[in-house]
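Keep the sequence and the model open side by side while reading. The paragraphs below go through the interior of the chain, one part after another.

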Amino acid sequence: MDSAPRLILASASPRRRELLNQIGVLFTTDSADIDETPSSGEQPADYVERMALQKAQAVAARHPDALVLGSDTSVICDNAILGKPADQQQGVEMLMRLSGRSHQVITAVALVAGERQQTIRVTTDVRFRTLSAEECRRYWQTGEPADKAGGYGIQGLAAVFIERIEGSYSAVVGLPLAETAALLADVGFPIWQRVEG
């Protein structure tokens, strides 16, 4: 295993670190500082893929002998990207927009290994129950939604808003595990290296 390249997660997200740890992958982290502004006319799915790849490429430029995994997640409603809310008003507006209906969460993962680059994209449908403005304000006051795309975290307190999902739960959290494991397997990088029992 000493001759195998090391894996770097191009992310500062604690949720992505937890997910990779969950499948026993040995890795280090190095976050990418890139411009995350959508291009004019760019479709949400294309944007998410571009962000994942640019994050991986930026970190790979600093670590050319490593495998670099980049990821990006966006919440999409009415074909619009709902980013991280700037303040309580925007956070409540986002949640009310999602209330009582389905939206999509798109997560892209990119793996850069030298000249080789692979990307995958996973779309999950998430349905919210009907929310009141008051509970959206109370949720904002917990502090949880401030750094979350779409203004909520499915793995946290907002779990009570979710009626159902169709697709990958881990992709909504930030990293689709089955697809990520397949990308790693494709380049010969093992999972289950760190298994607690």
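Is T180 buried or exposed? The model is a predicted one, and in it T180 has a relative accessible area of 0%, so T180 is buried. The residue sits in helix α6, which covers residues 177–186. A polar atom of the T180 side chain lies 2.7 Å from the backbone oxygen of P176. Neighbours within four places in sequence aside, T180 is in contact with L20, L69, V109 and L175.

L20 is a useful residue to take next. With neighbours within four places in sequence again left aside, L20 is in contact with L9, V25, F27, L69, L175 and T180. L20 also belongs to the largest nonpolar core, which has 37 residues; L7, L20, V25, L95, F128 and Y152 are the members that touch the most other members. Another core lies apart from it and has 19 residues, including I8, I34, A60 and A66. As a general point, nonpolar side chains in soluble globular proteins tend to be buried together.

The aromatic residues come next. How many aromatic pairs does a search of the whole structure find? The search finds three. In one of them, the ring centres of F128 and F161 are 5.9 Å apart; the planes stand at 50°, between the limits of 30 and 60 degrees, so this pair is tilted. F128 is in strand β6 (residues 116–128), while F161 is in the loop between α4 (133–141) and β7 (162–166), so that the pair links parts of the chain 33 residues apart. F128 has a relative accessible area of 0% and is buried. F161 is buried as well, with a relative accessible area of 4%.

F161 also pairs with Y139. Here the ring centres are 5.3 Å apart and the planes are at 80°, which is over 60 degrees, so the pair is edge-to-face. This pair, too, links distant parts of the chain: Y139 is in helix α4 and F161 in the loop between α4 and β7, with their positions 22 residues apart in the numbering. Y139 is buried, at a relative accessible area of 4%. Ring pairs join F128, Y139, Y152 and F161 into a cluster. Two of these residues, F128 and Y152, were named above among the members of the largest nonpolar core that touch the most others.

Helix α2 can be checked for length. It runs over residues 44–62, which is 19 residues, and at 1.5 Å a residue the expected span is 27 Å. The C-alpha atoms at its ends are 28 Å apart, so the two values agree. Its buried residues are P44, A45, Y47, V48, M51, A52, K55, A56, V59 and A60. Among the elements that cover these buried residues are β1 (7–9), β3 (67–77), β4 (80–82), β5 (102–113) and β6. A60 appears in the 19-residue core as well.

The cysteines remain. How many disulfides does the structure hold? The count is zero. A disulfide is a covalent bond between the sulfur atoms of two cysteines. For C77, the nearest cysteine sulfur is that of C136, 13 Å away, and C77 is in no disulfide. The sulfur nearest to that of C136 is in turn the one of C77, and C136 is in no disulfide either. The cut-off for a disulfide is 2.5 Å, so a separation of 13 Å does not qualify. C77 counts as buried because its relative accessibility is 1%. C136 is buried too, at 0%.

Terms used: Residues numbered from 1 in each chain as written. Predicted model: local features only at pLDDT ≥ 70, side-chain atom pairs only at ≥ 80, totals over all residues. Heavy atoms only, no water. Phe/Tyr/Trp six-rings, centres within 6.5 Å; stacked < 30°, edge-to-face > 60°. Helix = DSSP H or I, 4+ residues; strand = E, 2+ residues; numbered from the N terminus. Buried < 20%, exposed > 50% of the residue type's maximum accessible area, 1.4 Å probe, protein only. Expected span 1.5 Å × (residues − 1). Contact = heavy atoms within 4.5 Å. Core = buried A, V, L, I, M, F, W, Y, C linked by side-chain atoms within 4.5 Å. Polar contact = N/O pair within 3.5 Å; in protein donor to acceptor, adjacent residues only side chain to side chain.
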